[in-house]
There are 4 protein chains.
Amino acid sequence: MAAKYPVTIGGICMGGERPVVIAGPCSVESTEQVIAIAQAAKAAGATVLRGGIFKPRTDPRDFQGLGLEGLSALAAAREATGLPIVTEVMDIRHLEACAAVVDMLQIGSRNMYNYALLQAAGAMRKPVLLKRGFSATLREWMLAADYIARGGSEDIVFCERGIRSFETYTRNTLDITAIPIVKRETGRPVIIDPSHGTGVRWLVPIMAKAGLAAGADGVMVEAAIEPDAAVSDAFQTIDMAMLREIVRCIEP
Amino acid sequence: MAAKYPVTIGGICMGGERPVVIAGPCSVESTEQVIAIAQAAKAAGATVLRGGIFKPRTDPRDFQGLGLEGLSALAAAREATGLPIVTEVMDIRHLEACAAVVDMLQIGSRNMYNYALLQAAGAMRKPVLLKRGFSATLREWMLAADYIARGGSEDIVFCERGIRSFETYTRNTLDITAIPIVKRETGRPVIIDPSHGTGVRWLVPIMAKAGLAAGADGVMVEAAIEPDAAVSDAFQTIDMAMLREIVRCIEP
Amino acid sequence: MAAKYPVTIGGICMGGERPVVIAGPCSVESTEQVIAIAQAAKAAGATVLRGGIFKPRTDPRDFQGLGLEGLSALAAAREATGLPIVTEVMDIRHLEACAAVVDMLQIGSRNMYNYALLQAAGAMRKPVLLKRGFSATLREWMLAADYIARGGSEDIVFCERGIRSFETYTRNTLDITAIPIVKRETGRPVIIDPSHGTGVRWLVPIMAKAGLAAGADGVMVEAAIEPDAAVSDAFQTIDMAMLREIVRCIEP
Amino acid sequence: MAAKYPVTIGGICMGGERPVVIAGPCSVESTEQVIAIAQAAKAAGATVLRGGIFKPRTDPRDFQGLGLEGLSALAAAREATGLPIVTEVMDIRHLEACAAVVDMLQIGSRNMYNYALLQAAGAMRKPVLLKRGFSATLREWMLAADYIARGGSEDIVFCERGIRSFETYTRNTLDITAIPIVKRETGRPVIIDPSHGTGVRWLVPIMAKAGLAAGADGVMVEAAIEPDAAVSDAFQTIDMAMLREIVRCIEP
């Protein structure tokens, strides 16, 4: 079912009749890497490219991403494939540089309560992908979107990515029920991220299907040509065969 | 995908090629009530009848169910429709009387850690439906089944019914990811209960679909002809139109 | 502050002016072991003896306790020291045999929702120690006591032993705030179990103090002469020096 | 027990032999209000003044605080009483203005994962009070402090303020066990905020005592002369009599 307030980026409609598939590496590692993944992902049927250039890491000693340099790599991949790009921004001071290049700004789970960032992101007048805080109630998540709207953008897409629970088999507990609720309460598109939602590669395509069955307007996955070689989140990154399996679910 | 160790009750296979739909009232209120619901549920396409005769209630002053008298009501409904019946047992002292009548014994969420009951239920040599404790890890849930097996029954079906989280919009947080995991780890059938899993009527058919998409071997729902008149759990009980909507998902 | 409804076992008042210290092994392993621990615990200042003869274990293949044979070991330890004894019962069928020997029946965390057991325990007309379910709300816990009262016993003591959260450093998250709330709402004594509440030996005396500062009517700890040699819960069992440290907190 | 790395602000040592009491209004509403509260709090024995000028509110339509104008009100209160001041900063762009005035910068619970803010706060070379994210593991919390240290400040004080659980009687579940653990693991001072930790006025002094018994280096509370008239958090704001009760716990 189409969302009341669909959001279009680079010609791709989120919240329309057909769900979108957003795929790409956890971290942008080099221009070559991201172009190769973008081409493979496009061939597999993905319609939007994701790639992290700022990585929110629990430990400050871990790899923090390429930073603003990664923007040109993402732009080159868009050039090469035509896929619109979305990337996470964590620092208000990077918003303008990112907004000048990418098609959609992403607010990550750790920053869902970072109201200064939300409002400033909205002021960029770009579509914003708002991930759910991993312990956010649905009410808090929906009100966080109001900070973006107050900033100036009404092009908001929600992304359920799992909540924190006592269970340790999976990285998070994917709250699929959030999809129909937030869609109904807000009228905005809601997509699902089964990569962070499960943290377990073989579960990613299965949970993508479950999310789509619950009405998700799209799926966002970490995908790579050789997942085990990824510098971050390798254990939850899928390969192109799994990506095609997900794409098949949304074919008309 | 069929389960490795399917369980058959009254000619109905759980864990086979086609998912089952278990439906019926939260509480058995009278013979007339349960026969009427059983007939309507059968007409809607349900293949197993559920109905509570012992109700685990947080407050001892609340309605506790008809007790053993309810067994004859369930038996009459099976007689009238041919549907096999499943009911919850909470007290070891009721196991024999219940096992003599019903086709499948249910262990409810509150009693998943009641190891004495689990083992004694297994000793009845009847199929057992084991609901997940609302704060049980998957490991604890799967090991609880080992208590049943140790008691004497290998005919075990798991039922995911939601876990406790900080979210208050829904009664519980349905952990759909549990379905593929427990199915893979144990080889046993896993079904989903979106009634308790959500506690919200309009979400029941949507989440039933999501569970089936994740590979559930069946759906268990509270259903009634006039849901709003139910003495317990009215807010999450679906009507026959919603039940038919769920049945349509499993039609070949 | 004294509780409105104190409970006395073997001459020891729970909920009076002075907090009690309940100590003893996780599992009763032999008569010699439990007598030796009881004597050492008494010398250290403990006033009640605990010891498990039925052990609720997640995995049915783990050591399940000595069973009813353990009762005579507990009785011998009481004989040798004069300390009243409390032990956990998990199976209705063991209630009478246990109630004939022990001074107080314990309902463990896993069985807090086992309403049949609660009511039957109350019918023994013995004092009952009711542990909080590890995911029970305060309301559910307080209403569980009503099942015991309905069974026939008003001598009920609550025991906070930690709740399940996302944190993994400790075994559970000790909810010390529960102590003043339940004491105020019910008027009954509330004690604290920092052994299960933390699962970490060096934290046990510190958290015992914190619980007493919040108004706990007593502390229940797993203690042994050589904690590292215990067959179960060794990592959270304290030695006699730590036990004396706790006793010093309650000295007038 | 003194902390290994104590932090001194305005002559007041946090992590020394004597715990500190930080008190003040939830929100700075006017210069008159904050001076009056500061004088009363000082008379009651508090040694540091707190007061929010930027309020992180779930709903963007709620009162967001006086903003930078509030700084002069806080400075006037310090002038009038000599109490050092601490206030929360949520936006990198406000750091310099705040650091020029206050004695200690506070990072609130919602921003514990806002690594850009943490690092920039550290670069102010001011003492930083780091509240625990309401769903942060202890490891994540301790590593968040490393972002501050990496920014340039080693004067870091942790503040436990409750975590999110399923319990609804209290606003959060105060995790008192976090105090001894973080103190031991990091050597830095750890204080407790029972106002947000409970959200219930009568529980504030009791839980302050429990935290101090567990080794907290101080207590931070929302206090006012007429708590019920506060524009935010009135239900958890204590009056001066309760504040004196807390101060008495730390008297030598």
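1. Leaving aside neighbours within four places in sequence, Gly162(D) is in contact with Phe134(D), Asn172(D), Thr173(D), Leu174(D), Asp175(D) and Gly197(D). The model is a predicted one, and this residue is a convenient place to enter it. Gly162(D) sits in the loop that runs between strand S8 (156-160) and helix H6 (178-186) of chain D. Its relative accessibility is 0%, and Gly162(D) therefore counts as buried, the limit being under 20%. Along the chain, Gly162(D) and Arg132(D) are 30 residues apart, while their C-alpha atoms are separated by 7.8 Å.

2. Thr137(D) belongs to another loop of chain D, the one between strand S7 (128-131) and helix H5 (138-151). With a relative accessible area of 15%, Thr137(D) is buried. Which residues does Thr137(D) contact, leaving aside its neighbours within four places in sequence? They are Arg164(A), Phe166(C), Glu167(C), Tyr113(D) and Arg132(D). The list thus takes in residues of chains A and C as well as of chain D. The C-alpha atoms of Thr137(D) and Ala178(D) are 9.6 Å apart in space, with the two positions 41 residues apart in sequence numbering.

3. Glu251(D) offers a contrast in setting. This residue is found in the segment after helix H9 (240-250) of chain D. Glu251(D) counts as partly exposed because its relative accessibility is 45%, which falls between the limits of 20% and 50%. From Glu251(D) to Thr58(D) the C-alpha distance is 38 Å, for a separation of 193 residues in sequence.

4. The relations between chains deserve separate comment. A turn of 180° with a shift of 0.0 Å along the axis lays chain B on chain A, with an RMSD of 0.0 Å. That is the relation of a two-fold axis. In chain B, the C-alpha nearest this axis belongs to Ala210(B), at 2.3 Å. Because 100% of the interface residues of chain B are also interface residues in chain A, these copies meet through the same surface.

5. Chains A and D form a further pair to examine. Chain A can be laid on chain D by a turn of 180° and a shift of 0.0 Å along the axis, again with an RMSD of 0.0 Å. Ser135(A) is the residue of chain A that comes closest to the rotation axis, its C-alpha lying at 3.2 Å. Here too the copies meet through the same surface, because 100% of the interface residues of chain A are also interface residues in chain D.

6. Helix H8 (residues 203-213) of chain B is largely enclosed by the rest of the structure, because eight of its eleven residues are buried. Those buried residues are Leu203(B), Val204(B), Pro205(B), Met207(B), Ala208(B), Ala210(B), Gly211(B) and Leu212(B). Ala210(B) is thus buried, and its C-alpha is also the one in chain B nearest the axis discussed under point 4. Just after H8(B), Gly215(B) adopts a positive phi of about 105°.

7. The largest nonpolar core holds 155 residues, and those touching the most other members are Leu130(C), Ile176(C), Leu243(C), Leu130(D), Ile176(D) and Leu243(D). Helix H5 (residues 138-151) of chain C gives the most to this core, with eight residues. Apart from it lies another core, of 154 residues, which includes Ala120(A), Ala216(A), Ile250(A) and Ala73(B). Returning to Leu243(D), and not counting residues up to four places away in sequence, this side touches Val21(D), Ala23(D), Ala41(D), Ala44(D), Ala46(D), Val221(D), Ala223(D) and Ile238(D).

8. How many cavities of 30 Å³ or more does the structure hold? There are five. The largest cavity contains about 180 Å³ of space and is lined by 16 residues. Nearest its centre lie Arg164(B), Arg164(C), Ser165(C), Arg164(D) and Ser165(D). By class, the lining of the largest cavity comprises four nonpolar, eight polar and four charged residues.

9. Two backbone angles should be checked by the reader. Arg125(C) has a positive phi of about 60° although it is not a glycine, and Arg125(D) likewise has a positive phi of about 60°. Arg125(C) is found in the loop between helix H4 (115-122) and strand S7 (128-131) of chain C; Arg125(D) has its place in the loop between helix H4 (115-122) and S7 of chain D. At 64% relative accessibility Arg125(C) counts as exposed, and Arg125(D) is exposed with a relative accessible area of 62%.

Key: Residues are numbered from 1 along each chain as its sequence is written. Chains are lettered from A and ligands numbered from 1 in the order in which they are written. This is a predicted model: local features need pLDDT of at least 70, side-chain atom pairs count only at pLDDT 80 or more; totals for chains, interfaces and linings use all residues. Side-chain values use heavy atoms; hydrogens and water are left out. Copies are superposed by least squares on the C-alpha atoms of residues with pLDDT of at least 70 in both. Contact means heavy atoms within 4.5 Å. On a 1 Å grid over the protein atoms alone, a cavity is a set of points where a 1.4 Å probe fits but cannot get out, and a pocket is an open set with protein on both sides within 12 Å along at least five of seven lines; lining residues have an atom within 4 Å of a point. Grid points are joined across faces, edges and corners, and a volume is the space filled by probe spheres set on the points. Ala, Val, Leu, Ile, Met, Phe, Trp, Tyr, Cys and Pro count as nonpolar, Asp, Glu, Lys and Arg as charged, and the others, Gly among them, as polar. A nonpolar core is a set of buried Ala, Val, Leu, Ile, Met, Phe, Trp, Tyr and Cys residues joined through side-chain atoms within 4.5 Å. Buried means under 20% relative accessible area, exposed over 50%, partly exposed in between (1.4 Å probe, protein chains only). Helices (H or I, at least four residues) and strands (E, at least two) are DSSP runs, numbered from the N terminus.
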